[in-house]
Every structure is written in structure tokens, then in C-alpha cells.
Amino acid sequence: MSTLEIRDLHVAVEDKEILRGVNLTVSSGETHALMGPNGSGKSTLAYAIAGHPKYTITSGTVTLDGEDVLSLTVDERARAGLFLAMQYPVEVPGVSVSNFLRSAVTAVRGEAPKLRAFTKELKAGMDALSIDGAFAQRNLNEGFSGGEKKRHEILQLELLKPKIAILDETDSGLDVDALRVVSEGVNRFGASGDTGVLLITHYTRILRYVKPDFVHVFSAGRIVEEGGPELADKLEAEGYEHYTKANA
Amino acid sequence: MGLDTKPLSTLRGKSSYKLEDFPVPTGREEMWRFTPLSRLRGLHDGTATLSGNVVVHVEAAPEVSVETVGRDDARVGKAYTPTDRVSVQAFTSFEKATVITVPKEAVTSKATVINLRGEGNGAAYGHIVIVVEPLAEAVIVLDHQGSAVYADNVEFVVGDGATLKVVSLQDWARDAVHVSQHHAHLGRDATFKSFVVTMGGDLVRLSPSVSYTGRGGDADLSGLYFVDAGQHIEHRLLVDHTVPDCRSNVDYRGALQGDEAHAVWIGDVIIRVEATGTDTYELNRNLILTDGARADSVPNLEILTGEVAGAGHASASGRMDDEHIFYLQARGIPYDEARRLVIRGYFAQLIEKIEVEEIRDRVLAAVEAELAR
């Protein structure tokens, strides 16, 4: 049982306040959808939790099972059990997918996996996400299509088995087939019951495949409404206009 | 670039076997302005004392012949005429030259390794001639180690339809000074692949140049360098396309770390009026790992004909991308390891091009050792 607890979080980018007091608790066994219009600060929340140097925490706390996340380095946060599936994973020239994944798995698990077992595990993970075998030898995200990048993020999610996963617009730019494959991966990850998912999205489309237990509406740097899955249906019908106007 | 900027093609016109034809450089000349002359230990002004020794030992493939010849050998200076003061100083000062000949149509069964060991800090001069006769194929390794103040000229004569692959390792001791000219003279349909690796030395200035004599000549010049605090590492390339339908590709990449680490890369490519159908591309990248390191990168492409197949250049010097490091760290990989992965990746495509496995492993190990500093 794990809990990510975000309390009154304020975050600035270059002295401009983006997050204005976010409160959110994600526990294992739960899937949360964080929804909001573009520019509302959803991605800022994700990157601030992951520790991206561009974002400055001005006040508030983030803890994982009581441990202060904000005092940890980026890699320590990942090893503590946090995972951020990125919206725009960067291309890293000359670093192969297999080398990257082995390094990441070794770091997170604390020991290098046996080569044969890892090769098998990797193949099974790739098969489940309909990723071609040749993919492992390619350079990290280099020349990947949008769908390949997202599948690769979910492959990492499944290999690294974090306690809490934050998925930043993993559904954006995917066709329906890719969306289904990616959603199945998220559901496999969530099915173990001892993991929690925070799904950040602009659209309700992915919620047909990944069923949230809780829905939070994000606007102008804070959560403005919370509810169950029915809230997503309301957003589907009415859009965000009502919230953006209220904040204007 | 000022009003007095002259075309490369005229700047590069001068060549001579006579020392007096080249005045002592002052440092203001275009071709010397990046080089700290005071650290050349007199190689450029005739004051270097000839007390050094660079021992040449060749481990040859069975198919090739190795000769040590005197200054009067007809093959010496046949493909190359010195183009600067240090080069002509070396040319007029060396005592014995090493001539390696790969006979016509011979395909060598293994790499021929020329070991050059510096044994002290007095000046020494050298000359090497590699002749690959028509349709022959060979791999040559020049392996420089030890302490030396050394100036030399290396001539690569690649015959019609022949292939020569050269790896030149400047793996000198930290105090070495090396100024070297590598000239490749390509026959019709000749292929020349050069891979330069410069890691050691206090000052290394290496000038690879290529000339063509027949259609279909193909030159591929790669380089990798790692510059540490206080080192001056300079590569000056010149590819002179004088013949139609030849190709050249230049890819030099370096990393710099530490105070006063200085890399210089000059990439001159001339496509003469008569060199129609030329296909050329040159690239230089510098990865600056710390404050206090400096890279000067100057690509010069001079096109005198309207009919080229392709011509381009690119130069980029900069810091490691923080987003790369963030991505790797976000997957649990500690900072130091993430940095190593990114730098290794930066060099990887280049190192893969080294066809001699032992050399590739050695270069990889050298990069690893630099990263561990």
C-alpha cells in the first residue's frame, strides 16, 4: 500500500506562478484522472513531482509513503517508486533502447537483471505492446513515431513497476489502435492492486479504456472540482468552458 | 570575416620543399592564429633542439613491404609538398623515412600497425609514406605514444581502385607536442577512410588533407577527440576537389572538459571550377562538459562550380542537453551514469565506424577513462 500525497503545492516557472495550491492524494489500487484545458498547469504538476529543474517549488509538500519527495534528486524519486510517462519523450542519440532499459531496470531494482531473464522479460513486454523486436536496437526515441514513443513509455512503466505512475497526456497523438494497446498496458499495470495511477489528460477518450475511480478538474493551477467517473461524462458533454470562465 | 578575407583556394596555393619559402609564423596568420606558438617548443622557428627520439616500429601484414629509406628516396615527397612552416621544417629535417608498400591487387590479411614511441622531450622529425598500389586494400594504424616534441609528414598514396583505411591514434603522454600533416593522394575510384583519435598530448595539431587525381575518388575523414584541462587539440582539414565526380565526407566530434581545454577544428573544402559532380559534406560537433573549456569550429566551403551533386557543412558546439539527463534520471539512472550514457552515445556512431576491433575497443576504453576523470 502506497500513497502519494500532494499538499498545497505552489510551483513557479521563471518567477511566474503556475500551480496555486494543489491538493491531491493518490493511493495504490486507485486510478485518478486529472483533466483540464491546455495551459491549466497539468503538465507542470507532473514535471514538478518528477523533479524537472525548470520548475521551482515555492511552497507545499509532496510525500510518498510519508517520505519527502521534494528533497530527493530526480533519479532518487524514480528509485523511490515514482514514474512519469512523458508527453514528449526526448531523443537521445547513440543510446540504444535496450541499453537504456537495462540501465534503468538495474538502477530501480538495485541490481543488474540476469541477461537471459531480462531479454525474455523485455520481449514479453514488447510483445504485449505490439512493439517490433528490432526496436530494442534503435536509438532512444530517435525517429520514433508518436505512437512508438508512447508505447515505449508504457513499456518502461511495466518494466520499472513503480508505486505511483503519473501519465502525462499519454493518449495525445495516438490513433485508436495505439490508444487501445497503450490503455491495456496501463490497465495491466494498475491491475496488480498495489500501484496507483494519475492519468493526466485533456480528452475523455482514453477514459473509455482506462476507468478512473476519481476525476479531478484542473484549471488555472489548482483542482476546481472533484468527483467520480460521472464527472468525466459531464466534461465530455459540457467541455471546460464553465471552469475557465469561472477562473477568468 | 573582414574585407581582407581571401578565398581559400588562393590561400592554400603555397607549397614548397624549401624552408626559406615559409617565414617564421607570428601567430597572426590565418593558419596559425589558433595555435599557441609558445607551446610548440621551437618547432615553428628553428630553435627546437634535435635531441629527441621517436622510435618507429612496424608490425606489418605479411602482404606488405616495409622499408626504411634515406632522404633521397624518390617516393618521399612525391605525393605531398609541404604547405606550412612546421611541415617544411619536418620535411627538411628528418633523417630516415618509413615506406610501406601494399602491392598491386593485394588484400591485406590484417592491419599493419606503425608504432611511434616518443622517448623524451627533445625535438624529433619523421616522415612516412604509405603506397597502396592499384586495386589493393589495406588497413594501417598509426599509434603514437610516449613523450615527444614531434613534427612529421605522412603521405598516403592510394592507387586507382585501391582502398586504404587508416586509424591514427594520438595517444601521447600529457607533455607531448605533435604537429603533423597527413596527406592523402587519391587515384581514380580510390577509397580513403581516415579515422583520427586524439586524446593525449599538451599540444596536438594535425592537418589531414586530400587531393584527387581521377574521377570516383572517395574520402571519408572521421575524427574523435577528448580535450582535458590545459590541452590544445587542433585538427585542420583540407579537401581540395580538383577533379569531377569525387566524394568527401568529414565527421569530427569532440568533448572538452576542464580549465583551458581548447579544441580547434578547421574544415576547408574547395570545389574547383573543373570539379563538377562533387559530393561533399562536413560536420563538426563539440560537447562542452565544463566551464573554462573552449571550442573553435570553422567550416569553410568554397564552391567555384555551379554543378555539384551535393555540398554542405554543419558545426555545432554546446553543452550537454539537460533534457537528455532529466529523461534518464527520471528512470532512476543516477546523474553520473546518465552523463556517461549521453556522452558515450554522442561518440557511439563515430566509434562504430572503426573497423579494427582491437582499436575500437581501445578507443571505447579511452573514452571511458576520460569519463571517469
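## Salt bridges and the contact between chains A and B

B:Arg236 and B:Glu234 are paired in a salt bridge whose closest N and O atoms lie 2.8 Å apart. The model in which this pair occurs is a predicted one. Both partners are withdrawn from the surface: B:Arg236 has a relative accessible area of 6% and is therefore buried, and B:Glu234, with a relative accessible area of 0%, is buried as well. The pair also belongs to a wider arrangement, since salt bridges that share partners join B:Asp84, B:Arg205, B:Glu234 and B:Arg236 into one network.

Over all chains, the count of salt bridges comes to 34. Side chains of opposite charge can pair when their charged atoms come close. Four of these pairs are set out below, with the N to O distance for each.

| Salt bridge | N to O distance |
|---|---|
| B:Arg236 and B:Glu234 | 2.8 Å |
| A:Glu121 and A:Arg109 | 2.6 Å |
| B:Arg344 and B:Glu368 | 2.5 Å |
| A:Glu153 and B:Arg331 | 2.7 Å |

In chain A, the side chains of A:Glu121 and A:Arg109 meet in a salt bridge. A:Glu121 lies in helix α4 (residues 115-128) of chain A and A:Arg109 in helix α3 (residues 97-109) of chain A, so the salt bridge ties together parts that are 12 residues apart in sequence. Are these two residues buried or partly exposed? A:Glu121 has 24% relative accessibility and so counts as partly exposed, and A:Arg109, at 37% relative accessibility, is likewise partly exposed.

In chain B, a salt bridge joins the side chains of B:Arg344 and B:Glu368. This pair links distant parts of the chain, with B:Arg344 in helix α4 of chain B and B:Glu368 in helix α5 (residues 357-372) of chain B, 24 residues apart. B:Arg344 counts as partly exposed because its relative accessibility is 29%, and B:Glu368 is partly exposed with a relative accessible area of 27%.

The remaining pair in the table crosses between the chains, where the side chains of A:Glu153 and B:Arg331 meet. The count between chain B and chain A is one salt bridge, alongside 10 residue pairs in polar contact, both residues of each pair being at pLDDT 80 or more. On the side of chain B that touches chain A, the elements that give two or more residues are α3 (322-329) and α4 (335-351) of chain B. The largest share, seven residues, comes from α4(B). By residue type, this side of chain B divides into 11 nonpolar, four polar and three charged residues.

How many residues does each chain bring to the contact? Chain B gives 18 residues and chain A gives 32 residues. The size of an interface is often given as the accessible area lost when the parts come together. Chain B and chain A bury about 2000 Å² between them, with 67% of that area on carbon and sulfur atoms. Of the area that chain B buries against chain A, 41% is supplied by B:Phe326, B:Tyr327 and B:Arg331, more than by any other three residues. B:Arg331 is thus named both in this group and in the salt bridge with A:Glu153.

Helix α5 (residues 146-160) of chain A can be checked against its expected length. At 1.5 Å a residue, the 15 residues of this helix should span 21 Å, and because its end C-alpha atoms are 21 Å apart, the two values agree. α5(A) is mostly covered, with 13 of its 15 residues buried. The residue that follows α5(A) is A:Lys161, whose phi is positive, near 45°.

Terms used. Residues are numbered from 1 along each chain as its sequence is written. Chains are lettered from A and ligands numbered from 1 in the order in which they are written. This is a predicted model: local features need pLDDT of at least 70, side-chain atom pairs count only at pLDDT 80 or more; totals for chains, interfaces and linings use all residues. Side-chain values use heavy atoms; hydrogens and water are left out. Contact means heavy atoms within 4.5 Å. Buried area is the accessible area (1.4 Å probe) that two parts lose on being put together, summed over both. A salt bridge is a side-chain nitrogen of Lys or Arg within 4 Å of a carboxyl oxygen of Asp or Glu. A polar contact is a pair of N or O atoms within 3.5 Å; within protein, one must be able to donate a hydrogen and the other to accept it, and residues adjacent in sequence count only if both atoms are side-chain atoms. Helices (H or I, at least four residues) and strands (E, at least two) are DSSP runs, numbered from the N terminus. Ala, Val, Leu, Ile, Met, Phe, Trp, Tyr, Cys and Pro count as nonpolar, Asp, Glu, Lys and Arg as charged, and the others, Gly among them, as polar. The expected span of a helix is 1.5 Å times one less than its number of residues. Buried means under 20% relative accessible area, exposed over 50%, partly exposed in between (1.4 Å probe, protein chains only).
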